[in-house]
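User: Please take a close look at the pockets of this model, and describe how they are lined and how they sit within the description of the whole chain. I would like one connected account rather than a list.

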Amino acid sequence: MTNEHGIWARRALLRDGWANDVRIVCDETGAIGSVETGVATASSGDHIADTILPAPSNLHSHTFQRAMAGLAEQRGAGRADSFWSWRETMYRFVAALTPDDIEAVAALAFMEMLEAGFAGVGEFHYLHHDRDGGLYADPAETAGRIVAAAQRTGIGLTLLPVLYQRGGCDGRPLAGGQLRFGNDIDRFADVWQASARHVTRLPGDARIGVAPHSLRAVDADGLNAALALAPDGPIHIHLAEQTAEVDEVRADLGARPAAWLLANHPVDDRWCLIHATHLDDGELAGIAGSGAVAGLCPVTEANLGDGIFRGEAFVRQGGRFGVGTDSNVAISLAGELRMLEYSQRLALQRRAVLAEEGGATGRWLWQAACSGGAQALGRASGAIAAGLCADLVEIDTADYRFSGRDGDDLVDTWVFAAPDRCGVRNVWSAGRHVVRDGRHIARDAVVGAYVGRDLAARV
């Protein structure tokens, strides 16, 4: 979109609810300049839409894992499979990837995210070094490839370079595929600074934050050093994904991960706590009261057998959340929201668990994920309002599955009753019109760069 280019929609979901005959004007920076309702006809040159929603951000992704989706589903012999056995497959896979592979897979994943309705992404990027753990000439070579993939696809990127110091709380050294992740404090500072330079190549809506991987992979000094690198940026950390992780941290630090973090750091609205799955009552209340975002990845958490987040108790205490695609085993915005709600239903044996009383579940999930995702990425988005990024998605209401639906019923149908991609007609990321009639504008080139690499053979 260019300056004074508009979108006219028969209806749009604004902060305060649905409005009819809405005209949205975007400026040259990709921000929304104005939102008018009751505009009877479109202006010349406007894109004419039926139904427009704010487009959420994907708050947690490891793009390289998209290429191994479906390759870690075999049951091992003589053991109970879990996250930890899945990780063995991931480490074998990651040891074989080249920078060209990393860029091609990232572009494919970003394209699929946009086609699913996401406008922005937080890339939790820890694949820093060469296949033997050696340094590239550019310490942020692979971060530069993530940036290049964002340039090619037009997604709004928040890059989150990851500090990964050790193999566990006992200080065991990194080995195998982990060698590509590892940095001491000084070397990570070089990686982060070089990554920040790459991010300056992107449009002004791009951001950089920092991601101390987890309390088992980062010591107290490392955590402090990582936080100092991005004093104003988003902070993301894996937290309490697995019960084994909770037990390991408690044995080392004398407290559960969330409790230790809340007691030792001023956790606030810049923090995103990824996989805050295993929380006790005090931790749940503490996170809800801190203003931090719980970063939930329901499809991956189900795929890995992580457990179920205590969503109802969290949101009733004012907790904020967003959703991410994490391992990218299946990239689906509606699928993440649907799995989140369905996990609550299975755990509690009730329906419409997360919705406000009298409210529509799909719409409530959508708007909560928009708000929480924007906060987690430090992205000025999350709603259709003047001054925010023009992150927008048009529902494909011509699809027969939406026949006879209006307002909240449209969103509920998309989330709960339609195939994953059928709902998306057009997507704008900070005003960049990157999905048109259900297809990304660079789909053929992006897919062409990915196929033929035979990445599956490397697992």
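Analyst: Helices here are DSSP runs of H or I with at least four residues, strands are runs of E with at least two, and both are numbered from the N terminus. By that count, this predicted model has 14 helices and 17 strands. Before turning to the pockets, it helps to describe the whole. The C-alpha atoms fill a box of roughly 65 × 50 × 45 Å along the principal axes, and the radius of gyration is 21 Å, which agrees with the value near 23 Å that a compact globule of 459 residues would have. Of these 459 residues, 61% are buried, and among contacts with a separation of 6 or more, 75% join residues 24 or more positions apart. The protein exposes about 16700 Å², and carbon and sulfur atoms supply 48% of that area.

The largest pocket holds about 290 Å³ of space. Its lining is made of 18 residues, of which Ala-72, Glu-73, Gln-74, Asp-81 and Ser-85 are the closest to the centre. Helix α1, spanning residues 83-94, gives the most to this lining, with six residues. Sorted by class, the lining has five nonpolar, seven polar and six charged residues.

The second largest pocket holds about 210 Å³, and its lining can be named in full: Val-315, Arg-316, Gly-319, Arg-320, Phe-321, Glu-356, Trp-364, Gln-367, Ala-368, Ser-371 and Gly-372. Two or more of these residues come from each of α10 (311-316), β13 (320-323) and α12 (361-377), with α12 giving the most, five residues. This lining divides into four nonpolar, four polar and three charged residues.

Helix α12 also bounds a loop with a backbone feature that deserves a careful look. Ala-352 lies in the loop between α11 (333-348) and α12, and its phi is near 50 degrees, a positive value in a residue other than glycine. Ala-352 counts as partly exposed because its relative accessibility is 36%, whereas buried means under 20% and exposed over 50%.

A second residue can be set beside Ala-352. His-275, in the loop between β11 (271-274) and α8 (281-290), likewise is a residue other than glycine with a positive phi, here near 55 degrees. Its relative accessibility is 1%, so His-275 counts as buried.

Methods: Residues are numbered from 1 along each chain as its sequence is written. This is a predicted model: local features need pLDDT of at least 70, side-chain atom pairs count only at pLDDT 80 or more; totals for chains, interfaces and linings use all residues. Side-chain values use heavy atoms; hydrogens and water are left out. On a 1 Å grid over the protein atoms alone, a cavity is a set of points where a 1.4 Å probe fits but cannot get out, and a pocket is an open set with protein on both sides within 12 Å along at least five of seven lines; lining residues have an atom within 4 Å of a point. Grid points are joined across faces, edges and corners, and a volume is the space filled by probe spheres set on the points. Ala, Val, Leu, Ile, Met, Phe, Trp, Tyr, Cys and Pro count as nonpolar, Asp, Glu, Lys and Arg as charged, and the others, Gly among them, as polar. The radius of gyration is taken over C-alpha atoms; the globule rule is 2.2 Å times the number of residues to the power 0.38. Buried means under 20% relative accessible area, exposed over 50%, partly exposed in between (1.4 Å probe, protein chains only). Contact means heavy atoms within 4.5 Å. Accessible areas come from the Shrake-Rupley method with a 1.4 Å probe; for residues, only the protein chains shown count as cover.
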